[in-house]
Amino acid sequence: MEKQLRRLLAENEAQLARLEREHERMVEAAEGSNADDEHDPEGSTIAFEREQLTAALERTRRTGDELRTALAELADGRYGVCERCGRPIAPERLEARPQSRTCIDCARSAGN
Ligand SMILES: [Zn+2]
């Protein structure tokens, strides 16, 4: 499991670096042009793309945090225990999503 978590974390960090570069480029492009968002027909598309990118960045950062937490838990033996009900998380669930924090029942009742 640790190997899998480390691999996912490496992938996550690579993805985050990619998204951050893209975000930087987008910010630079926006600064370089004097485009007026409200009157530029492309302005709203750019704003939408930037929003999407910001959301992806947030998601990726959150997943990275979850993976790091899972690795820390693995190190001190708290890994694989549901943070809501304290019961063990099913191995199939951990295999599908190693950074899971809750068991399937709690995840369902929480609506995610
Ligand atoms: Zn639970």
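Leu74 sits in helix α2, and in this predicted model that leucine is a handy place to start looking around. Leu74 is partly exposed, at a relative accessible area of 26%. From here we can move on to a zinc site held by four cysteines and to a cavity that lies between two domains.

**Around Leu74 and Met1**

- Follow the chain back to its start and you meet Met1, in the segment that comes before α1 (2–32).
- Met1 and Leu74 are 73 residues apart in sequence, yet their C-alpha atoms are 8.7 Å apart in space.
- Met1 counts as partly exposed, with 37% relative accessibility, and Leu74 is also partly exposed, at 26%.
- Glu92 makes a useful second partner for Leu74: the two are 18 residues apart in sequence, and 17 Å separate their C-alpha atoms.

**Leu57, another leucine of α2**

- Helix α2 is also the place of Leu57.
- Is Leu57 buried or exposed? Leu57 has a relative accessible area of 6%, so it is buried; the cut-off for buried is under 20%.
- Leu57 and Arg18 are 39 residues apart in sequence and 9.6 Å apart in space, taken from C-alpha to C-alpha.

**The zinc site**

- Which residues are the protein donors of the zinc ion? They are Cys82, Cys85, Cys103 and Cys106, each through its SG atom, at 2.3 to 2.4 Å from the ion.
- The four donor atoms make angles of 104 to 117 degrees, and the site is tetrahedral.
- Along the sequence, the spacing of the donor residues reads C-x2-C-x17-C-x2-C.
- Cys85 belongs to the loop between α2 (43–75) and α3 (91–96), while Cys103 belongs to the loop between α3 and α4 (104–110), so this pair ties together parts that lie 18 residues apart in sequence.
- Cys85 is partly exposed, with a relative accessible area of 34%, whereas Cys103 counts as buried at 7% relative accessibility.

**The cavity between the domains**

- How many cavities of 30 Å³ or more does the structure hold? There is one, and the volume of the largest cavity is about 40 Å³.
- The lining of the largest cavity is made by Ala70, Glu73, Tyr79, Gly80, Val81, Glu83, Ile89, Ser100 and Arg101.
- By character, that lining has four nonpolar, two polar and three charged residues.
- Where does the largest cavity lie? Domain 1 (2–79) and domain 2 (80–112) both contribute residues to the lining, so the largest cavity lies between them.

Technical notes: Residues numbered from 1 in each chain as written. Predicted model: local features only at pLDDT ≥ 70, side-chain atom pairs only at ≥ 80, totals over all residues. Heavy atoms only, no water. Donors = N, O, S within 2.8 Å, 3.2 Å for Na, K, Ca; no water. Tetrahedral: all angles 85-135°; square planar, octahedral: opposite > 155°, others 65-115°. Helix = DSSP H or I, 4+ residues; strand = E, 2+ residues; numbered from the N terminus. Buried < 20%, exposed > 50% of the residue type's maximum accessible area, 1.4 Å probe, protein only. 1 Å grid on protein atoms, 1.4 Å probe; cavity = no way out; pocket = protein on both sides within 12 Å on 5 of 7 lines; lining within 4 Å. Points joined across faces, edges and corners; volume = space filled by probe spheres on them. Nonpolar A, V, L, I, M, F, W, Y, C, P; charged D, E, K, R; others polar. Domains from an automatic or database assignment.
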